[in-house]
Amino acid sequence: MKKSIILIALLALCIGVKAQKTDTAKKEPSADSLMNSLSADDDKHEHILSAFKATRLIFSPTTEMVRKKNLNFLVIHRFGDIATGPGGARTLFGLDAVNDVYIGFEYGVSDNFNINFGRSTIGQLVELQLKYALLHQTNDDSSPLGIALMGGTGVRPYGNFGSFGDRLSYIAQAVFSRKFTQAFSLEVSPVFVSDNQPIPNEPGNENSFFSLTAAGRLKVTKHMSILVDWEHPFSNYRTSANGFQDPLGFGAEFETGGHVFTLNFTNARAISQINSLSNSQASWGRGEYRFGFTISRMFDFNRKKEKKW
Amino acid sequence: MKYLSMLLLAWLTAFQAGQDIYICKNAKINMYSSAPIEDIEANSAGAVSVYKASTGELSFSLPIRSLHFEKSLMEEHFNENYMESDKYPKASFKGKIQSPPDVSKDGTYPVNVTGELEVHGIKQTRTIKGEIKVNGGVISMTSEFIVKCADHKIDIPQIVFHHIAENIRIRVAATYAPYKN
């Protein structure tokens, strides 16, 4: 008796299972809709590609990082005034006079952490910076912004200073970027600069001040973009009445894969932000603007991966 | 007890007979381009595929961003300049195997698949050779074919450092599991 009950129960179960099976067979999704549901969310939360093409625009750093085991080598030039006394045709519009040269290296310790090292002509400023990518913009806007944090210190090894401490400057900033469309990206960055000895070292000048920078990139072709970069120090001393000017630059950026070239015109003579934010007195209105360029070359030290195939 | 085992057997067969759709969520794609300066190779294990054994319907979908290159810069250029993966995030294939093999029998079956290959937003009707292997009830497929950049309007810019070749070799390997609701 017990056995037959078990048998009947099992039979019922089998029929049940079979009925369910035919049921689902009827409802079984077509290969198409199954395909759609399987591949539906495989592109969610993907980090967007390059809000900017380089780690630097004209003055400002971007949220772009040097990838792991990559080394970015930078050569940046600012030439002499184009349209003032020492400029003009005699100096080939400033090309004979080099105002500032920056040679720098940026190394990707990881995809999100970089160490930057560089040296400027102005002040013989040697800088070491750490950069961390806090957030990446994603294609579904689960993260609408890219955020990078940077902190650095600079030392001026030459010149007369009261103490070694006076040779040091510090810079800290957060860069917020957004790629609005395929062609248009914008970034805003609050910056804090602290010079142990004010630059320029004049009575009344502040050691520390906040600044704001804003920059944009408009892609014109696949390999060429137009850049605008602007900086404003919030300082009681660095006013136009005291002869200071906000750095403002316009540029064109060309990327050829491995290299990024930026050709620009700026009023600021200095390349390093410690210098350009602390002391920019050149004025567009007075013809004190100059040609400049950035050459950025990326080296990849990733070993050839073993073929998985 | 004899009945029980018979019933179980019957049930098992019924279940087997009901299986028709097979899926693979981690199909491997290998892309290889032989170029004068350097060979460029990328791999993905992120393609999905669905195979309907009764009709031979076969489809693949590959998220372009899942293709990873040796060099991160290459990967960036591939996505930005060649594939424009923001605009066309996927490459896909949808087709039918001509005279699909009986997958309930172990064996190796050379097949031809005819269907539409969509790369860079451009569809091309292709007949692609491949091989289906059934081993202990497990279905796997492999294929190798060439994609011409020009067929899919993939521009090769003149000034770019990492040139890719006109013809790209694609290799596909997928191991399928029965689809369960």
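Two strands pair if DSSP finds at least two bridges between them. With that in hand, the tour of this predicted model can start in chain A.

**Chain A: the barrel**

Select chain A and show it as a cartoon. Chain A has three helices and 12 strands. Follow the strands in order: a closed barrel of 12 strands runs 1-2-3-4-5-6-7-8-9-10-11-12, with antiparallel pairing. Within this sheet, neighbouring strands are turned by 20 degrees against each other on average, direction ignored.

For one pair in detail, select residues 113–120 and 126–135 of chain A. These are strand 3 and strand 4, which pair in the antiparallel sense over seven bridges. Show N116(A) as sticks and look across to strand 4, where Q129(A) stands opposite.

Now colour chain A by burial. Of its 309 residues, 36% are buried. Among contacts in chain A with a separation of 6 or more, 58% join residues 24 or more positions apart.

**Chain A: confidence**

Switch the colouring to pLDDT. The mean for chain A is 88, and 87% of the residues reach 70 or more. Then select residues 14–27 of chain A, where the pLDDT is below 50. Beyond near neighbours in sequence, this stretch has 10 contacts in the model. Where pLDDT is low, the predicted coordinates should not be read in detail.

**Chain B: layout**

Hide chain A and show chain B. There are two helices and 10 strands here, and from the N terminus on the elements run α-β-β-β-β-α-β-β-β-β-β-β. Buried residues make up 32% of the 181 residues in chain B. Of the contacts in chain B with a separation of 6 or more, 58% are between residues 24 or more positions apart.

**Chain B: strands 7, 8, 9 and 1**

Select residues 122–135 and 138–148 of chain B. Strand 7 and strand 8 pair in the antiparallel sense over six bridges. At the turn, N135(B) stands opposite V138(B). The hairpin has two residues between the strands, and G136(B) takes a positive phi near 60 degrees.

Add residues 167–175 of chain B, which form strand 9. Strand 8 and strand 9 run antiparallel and are joined by nine bridges. Two bridge partners to label are A174(B) for M141(B) and T175(B) for S140(B).

Next add strand 1 of chain B, residues 21–33. Strand 1 runs antiparallel to strand 9, and five bridges join them. Find N30(B) on strand 1 and R171(B) opposite in strand 9.

**The nonpolar cores**

Stay on strand 1 of chain B and show its side chains. Which residues of the largest nonpolar core touch the most other members? They are A27(B) and I29(B), in a core of 40 residues. Strand 1 of chain B gives the most to this core, with six residues.

Centre the view on I29(B) and display its contacts. Not counting residues up to four places away in sequence, I29(B) touches S44(B), A47(B), L62(B), L67(B), I170(B) and V172(B). To end the tour, bring chain A back and select A51(A), L125(A), F209(A) and I274(A), which are among the members of a second, separate core of 24 residues.

Key
Residues are numbered from 1 along each chain as its sequence is written. Chains are lettered from A and ligands numbered from 1 in the order in which they are written. This is a predicted model: local features need pLDDT of at least 70, side-chain atom pairs count only at pLDDT 80 or more; totals for chains, interfaces and linings use all residues. A nonpolar core is a set of buried Ala, Val, Leu, Ile, Met, Phe, Trp, Tyr and Cys residues joined through C-beta atoms within 7 Å. A residue is buried if 20 or more other C-beta atoms lie within 10 Å of its own, exposed if 12 or fewer, and partly exposed in between; C-beta atoms are placed from the backbone. Helices (H or I, at least four residues) and strands (E, at least two) are DSSP runs, numbered from the N terminus. Two residues are in contact if their C-beta atoms, placed from the backbone, lie within 7 Å. Axes are lines fitted to C-alpha atoms, for helices over the stretch in contact, and angles run from 0 to 180 degrees between N-to-C directions. pLDDT is the predictor's confidence in each residue, from 0 to 100.
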